[in-house]
Amino acid sequence: MRELGVSYSLSTQQIISCDKKDLGCNGGNTETAYAYLEKAGGLVSAKDYPDTSHSNGMSGTCSSSKASDPLVSVKSFKTIRSAGLSTSATESAMASYVSKTGPLSVCVDAAKWQTYKNGIMTNCPTQLDHCVQAVGINTGSGYWR
């Protein structure tokens, strides 16, 4: 059994190559990726199914043998929407979820990330084009991991 508070390096390649509801390296949807993981039985480690797509932009062919021994599973997922909530209320709901449940998929506008060097971004664009996992939060210092 896996525990909260333990970090795992999970395979992005399994999602890119095996989730047929999405478009691999050309984009996808958080909810359908989680639905794929529920059906597949979980996600394997990055070591067992290493990333080969980001360097060449090709999604690759699914290797069921590499995806056969999941490290973690998805039993259910929940969508937190910001509609009607203030930014602080939305972030508070996200922080509560991450601290009680575990990772949360966060979709962002990654346009500025290509030139990012260091520090905390404070002026963020709003055209969502990339999803990442929030795996922890430091509420005292006000940053996400």
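Is S17 buried or exposed? With a relative accessibility of 3%, S17 counts as buried, since anything under 20% falls in that class. Keep in mind that you're looking at a predicted model. S17 sits in helix α1, and it's a handy place to start the tour. Leaving aside residues up to four places away in sequence, S17 touches Y49, S59, G60, T61 and C62.

Before going further, here's the overall layout. The protein has three helices and four strands. Walk along from the N terminus and the elements come in the order α-α-α-β-β-β-β. Of the 145 residues, 25% are buried. The protein exposes about 10,100 Å², and carbon and sulfur atoms supply 53% of that area. As for how the chain meets itself, take the contacts with a separation of 6 or more: 61% of them are between residues 24 or more positions apart.

Now back to helix α1 and the cysteine there. The structure holds one disulfide, and the partners are C18 and C62, with their sulfur atoms 2.0 Å apart. C18 lies in helix α1 while C62 is in the loop between α2 and α3, so the pair ties together parts that are 44 residues apart in sequence. The torsion about the S-S bond is about 90 degrees, so this disulfide is right-handed. What about the surroundings of each half? C18 counts as buried because its relative accessibility is 8%, under the 20% cut-off. C62, at 30%, counts as partly exposed, because that value lies between the 20% and 50% limits. Remember, too, that C62 is one of the residues that S17 touches.

C18 also leads us into the interior. In soluble globular proteins, nonpolar side chains tend to be buried together. Here, the largest nonpolar core has nine residues: C18, Y34, Y36, L37, L43, V44, Y49, A67 and V74. Helix α2, which covers residues 30-40, gives the most to this core, with three residues. So a cysteine of the disulfide is also a core member, and Y49, which S17 touches, belongs to that core as well. For a look at one more member, try V74: not counting residues up to four places away in sequence, V74 touches Y34, L37 and E38. There's also a second, separate core of seven residues, and V98, L104, V106 and A134 are among them.

Not every nonpolar side chain is tucked into a core, though. V6, Y8 and L10 form a nonpolar patch on the surface, and together they have about 220 Å² of accessible area. L10 is in the segment before α1, the helix that spans residues 13-18. L10 is partly exposed, because its relative accessible area of 30% lies between 20% and 50%.

Last stop: the loop between α1 and α2, where you'll find G27. With 33% relative accessibility, G27 counts as partly exposed, because that figure is over the buried limit of 20% but not over 50%. How far apart in space are G27 and D129? Their C-alpha atoms are 8.1 Å apart, although 102 residues separate the two in sequence.

Key
Residues are numbered from 1 along each chain as its sequence is written. This is a predicted model: local features need pLDDT of at least 70, side-chain atom pairs count only at pLDDT 80 or more; totals for chains, interfaces and linings use all residues. Side-chain values use heavy atoms; hydrogens and water are left out. Patches are made of residues with over 30% relative accessible area and no salt bridge: like charges are joined within 9 Å, nonpolar side chains (Val, Leu, Ile, Met, Phe, Trp, Tyr) within 5 Å. Accessible areas come from the Shrake-Rupley method with a 1.4 Å probe; for residues, only the protein chains shown count as cover. A salt bridge is a side-chain nitrogen of Lys or Arg within 4 Å of a carboxyl oxygen of Asp or Glu. Helices (H or I, at least four residues) and strands (E, at least two) are DSSP runs, numbered from the N terminus. Buried means under 20% relative accessible area, exposed over 50%, partly exposed in between (1.4 Å probe, protein chains only). A nonpolar core is a set of buried Ala, Val, Leu, Ile, Met, Phe, Trp, Tyr and Cys residues joined through side-chain atoms within 4.5 Å. Contact means heavy atoms within 4.5 Å. A disulfide is a pair of cysteine sulfur atoms within 2.5 Å.
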